[in-house]
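Thanks for sharing this one. Here are a few notes to read with the model open beside you.

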Amino acid sequence: MAQHQQISLPAKLINGGIAGIVGVTCVFPIDLAKTRLQNQRSGQQIYKNMMDCLIKTVRSEGYFGIYRGAAVNLTLVTPEKAIKLAANDFFRHQLSQDGARLTVFKEMLAGCCAGMCQVIITTPMEMLKIQMQDAGRLGKTMFGSNQVMPSVVPTMKMGGTSTVLSRSYNTTHAPQVVRMSALQITKELLRTKGIMGLYRGLGATLMRDIPFSVVYFPLFAHLHQLGQHSSEHPSVPFYWSFMSGCLAGSIAAVAVSPCDVVKTRLQSLRKGANEEIYKGVVDCVRKIWRKEGPRAFLKGASCRALVIAPLFGIAQVVYFVGVGEFLLGYSPYNIYSA
């Protein structure tokens with residue numbers, strides 16, 4: 001068994017990388033719409049819904065504007081997906097006794113542990129991605145579309161709670177916003193706040209990812225098992241893995257959507273005009289509830305479900321078909337059919 005686990009680790013990394021890259025490429029524009037919808041406040045609504053957000057983004061920022069921040073995701077999604085899926089398998093195996101079927105509680109516990117492991121990569125990835133995705137929305141909230149505007153160069157002052165803007169007024173009719181790249185943001189965060197600067201919003205990320213994994217993995221395991229023909233033939237068709245991943249992912253995504261809204265607000269370093277500054281998770285929840293009402297916690301929920309469903313559907317197909325094992329010449333292995 002030790003040898004089997006050793007040779008399967010590179011396969012898990014390959015599976016996670018392929019699944020993540022394909023999934024992110026397909027659904028990233030919807031994820032960008034989700035971030036911008038979650039970050040806009042009542043009274044400053046630029047976008048009516050997901051389609052309105054995507055159309056306005058393409059018109060103002062071009063086609064590649066809807067992929068702003070995708071490079072960060074594509075870079076870090078391989079270890080993130082590999083950790084999430086491999087950790088769940090590892091903990092399920094550790095909790096199983098003599099190959100006996102896991103109880104629901106142990107399945108949830110394995111998912112909980114997997115969720116805790118993945119935040120090592122998820123938190124900085126989400127932190128940088130949100131800054132890139134939300135830049136276009138901030139350009140619209142700070143300026144009107146047909147008025148004299150200042151040329152703005154944002155200086156990321158990470159030591160404080162707000163962004164310092166140096167302005168030189170001119171008569172252009174479009175905002176001239178110098179955007180910072182993910183690498184520049186990373187360097188500035190490391191210079192001013194150290195490694196913990198990349199882990200801003202860690203508590204909110206844990207608050208989202210642990211419940212998500214607790215709901216997702218047991219639900220997927222049971223849905224996936226329904227596709228088995230018999231105990232003697234535990235394999236299932238690839239389309240059943242895809243549908244199981246989609247359904248389990250969308251349900252889990254909607255369930256933790258309020259936590260995702262809080263995380264997005266906390267990790268947004270740059271704020272638009274008159275936007276709240278949050279001191280922590282509790283302060284963020286309190287201010288959103290008081291100023292925007294309970295419905296604000298479901299902002300972008302449908303977008304998040306549309307992002308997560310195919311993302312995890314694709315991930316589970318790649319993982320359970322065993323693409324990595326095939327490429328390396330090994331036999332596919334997964335804990336659910338063990």
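1. Let's begin with a pair of helices, keeping in mind that this is a predicted model. Helix 3 and helix 10 are oblique to each other. Their axes cross at roughly 60°, and an angle between 35 and 65 degrees therefore falls in the oblique class rather than the roughly parallel or roughly perpendicular one. To find the two helices, look at residues 70–95 for helix 3 and residues 301–321 for helix 10; the axes come within 12 Å.

2. The crossing of these two helices, helix 3 and helix 10, is right-handed. On the helix 3 side the contact is made by Lys81, Lys84, Leu85, Ala86 and Asp89, and on the helix 10 side by Leu311, Phe312, Ala315, Gln316 and Tyr319. Sorted by class, these contact residues are six nonpolar, three charged and one polar.

3. Now for the empty space. How many cavities of 30 Å³ or more does a search of the whole structure find? There are four. The largest cavity holds about 300 Å³ of space.

4. Which residues lie nearest the centre of the largest cavity? They are Lys81, Glu126, Arg304, Ile308 and Leu311, out of 23 lining residues. Two of these names may look familiar: Lys81 and Leu311 also take part in the contact between helix 3 and helix 10.

5. Several helices share the lining of the largest cavity: helix 1 (2–39), helix 3, helix 4 (104–142), helix 6 (202–225) and helix 10 each supply at least two residues. By class, that lining has ten nonpolar, ten charged and three polar residues.

Notes: Residues numbered from 1 in each chain as written. Predicted model: local features only at pLDDT ≥ 70, side-chain atom pairs only at ≥ 80, totals over all residues. Heavy atoms only, no water. Axes fitted to C-alpha atoms, helices over the stretch in contact; angles between N-to-C directions. Helix = DSSP H or I, 4+ residues; strand = E, 2+ residues; numbered from the N terminus. Parallel < 35°, antiparallel > 145°, perpendicular 65-115°, else oblique. Left-handed = near helix turned anticlockwise from the far one by under 90°. Contact = heavy atoms within 4.5 Å. Nonpolar A, V, L, I, M, F, W, Y, C, P; charged D, E, K, R; others polar. 1 Å grid on protein atoms, 1.4 Å probe; cavity = no way out; pocket = protein on both sides within 12 Å on 5 of 7 lines; lining within 4 Å. Points joined across faces, edges and corners; volume = space filled by probe spheres on them.
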